[in-house]
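This report goes through the sheet, the helices packed against it and the charged side chains of the model shown here. Please keep the sequence and the coordinates at hand while reading.

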Amino acid sequence: MTDPLPRICDFAAARALFAQMAEAWTETAGFAYLAGDGRLLGMRHVHSVCADAIDVPVRQIVADALAFDAAGMVMAHNHPSGDPRPSRADRATTRRLLHALEPVDVRLVDHLILARGGAVSFRALGWL
């Protein structure tokens, strides 16, 4: 019997999971909660009415991770501008999320920025 839950074990799998976000005209953030072996346990999406900003509900993200009993999490968001380069705000949000997840033993596996012009991985940049 095959496992019905996808495994998110690398950049390509994470990018495929969130690929549709690259086309959104307003900022959208997605959170994938993972088991220790990378199996997808659940997801949350947060939408903004702004084209260039989104409020990441860190408390809710941590609560979701605990509810799913997640060992890891992948965050992704889009840049409707088409430029996937991380902003200072992106880096600050990642740090806030890292600091919130650490005490509950949930690993931030990656933070992806998706845009029509490509995708960037914080892990590949050495920022995680």
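## Sheet and strand order

In this predicted model, Thr-28 stands opposite His-47 of strand β2. That pair belongs to the pairing of strand β1 (residues 28–34) with β2, where the two strands run antiparallel and are joined by 7 bridges. In general, the strands of a sheet pair through backbone hydrogen bonds, in either a parallel or an antiparallel manner.

The sheet as a whole is open and is formed by 5 strands in the order β2-β1-β3-β4-β5, with mixed pairing. Its edges are β2 and β5 (118–121), each of which pairs on one side only. Between neighbouring strands of this sheet the average turn is 15°, with direction ignored.

## Helices across the sheet

Two helices can be described relative to β4. Helix α1 (residues 11–18) lies across β1, β2, β3 (72–78), β4 and β5, and runs at about 55° to β4. Helix α3 (residues 88–101) lies across β1, β3 and β4, and its angle to β4 is about 155°.

## Salt bridges

How many salt bridges does the model hold? The count comes to 4 when a side-chain nitrogen of Lys or Arg must lie within 4 Å of a carboxyl oxygen of Asp or Glu. One of them joins Asp-64 to Arg-44, whose closest N and O atoms are 2.4 Å apart. This pair links distant parts of the chain, since Asp-64 sits in helix α2 (residues 58–67) and Arg-44 in strand β2 (residues 40–47), with their positions 20 residues apart in the numbering. Asp-64 is buried, with a relative accessible area of 10%, whereas Arg-44 counts as partly exposed at 28%.

Another salt bridge is formed by the side chains of Asp-37 and Arg-39, with an N to O distance of 3.0 Å. Asp-37 has a relative accessible area of 36% and is partly exposed, and Arg-39 is likewise classed as partly exposed, at 25%. These two residues also belong to a network of salt bridges that links Arg-7, Asp-37 and Arg-39. A further salt bridge brings together the side chains of Arg-85 and Asp-83 at 2.7 Å, N to O; here Arg-85 counts as exposed, at 59% relative accessibility, while Asp-83 counts as partly exposed, at 26%.

## A buried aspartate without a salt bridge

Which side chain of opposite charge is nearest to Asp-110, and how far away is it? Asp-110, which lies in strand β4 (residues 107–115), is buried yet has no salt bridge, and the nearest side chain of opposite charge is that of Arg-123, 5.4 Å away. Because a salt bridge requires the nitrogen and the carboxyl oxygen to be within 4 Å, the 5.4 Å to Arg-123 does not qualify.

Backbone nitrogens do, however, lie beside the side chain of Asp-110: that of Arg-123 is 3.0 Å from one of its polar atoms, and that of Phe-122 is 3.2 Å from a polar atom of the Asp-110 side chain. Leaving aside neighbours within four places in sequence, the residues in contact with Asp-110 are Phe-11, Met-73, Val-74, Met-75, Ser-121, Phe-122, Arg-123 and Leu-128. Arg-123 therefore appears among the contacts of Asp-110, where contact means heavy atoms within 4.5 Å, although no salt bridge is assigned to Asp-110.

Note on methods
Residues numbered from 1 in each chain as written. Predicted model: local features only at pLDDT ≥ 70, side-chain atom pairs only at ≥ 80, totals over all residues. Heavy atoms only, no water. Buried < 20%, exposed > 50% of the residue type's maximum accessible area, 1.4 Å probe, protein only. Helix = DSSP H or I, 4+ residues; strand = E, 2+ residues; numbered from the N terminus. Lys, Arg positive; Asp, Glu negative; His and termini not counted. Polar contact = N/O pair within 3.5 Å; in protein donor to acceptor, adjacent residues only side chain to side chain. Pairing = 2+ DSSP bridges. Axes fitted to C-alpha atoms, helices over the stretch in contact; angles between N-to-C directions.
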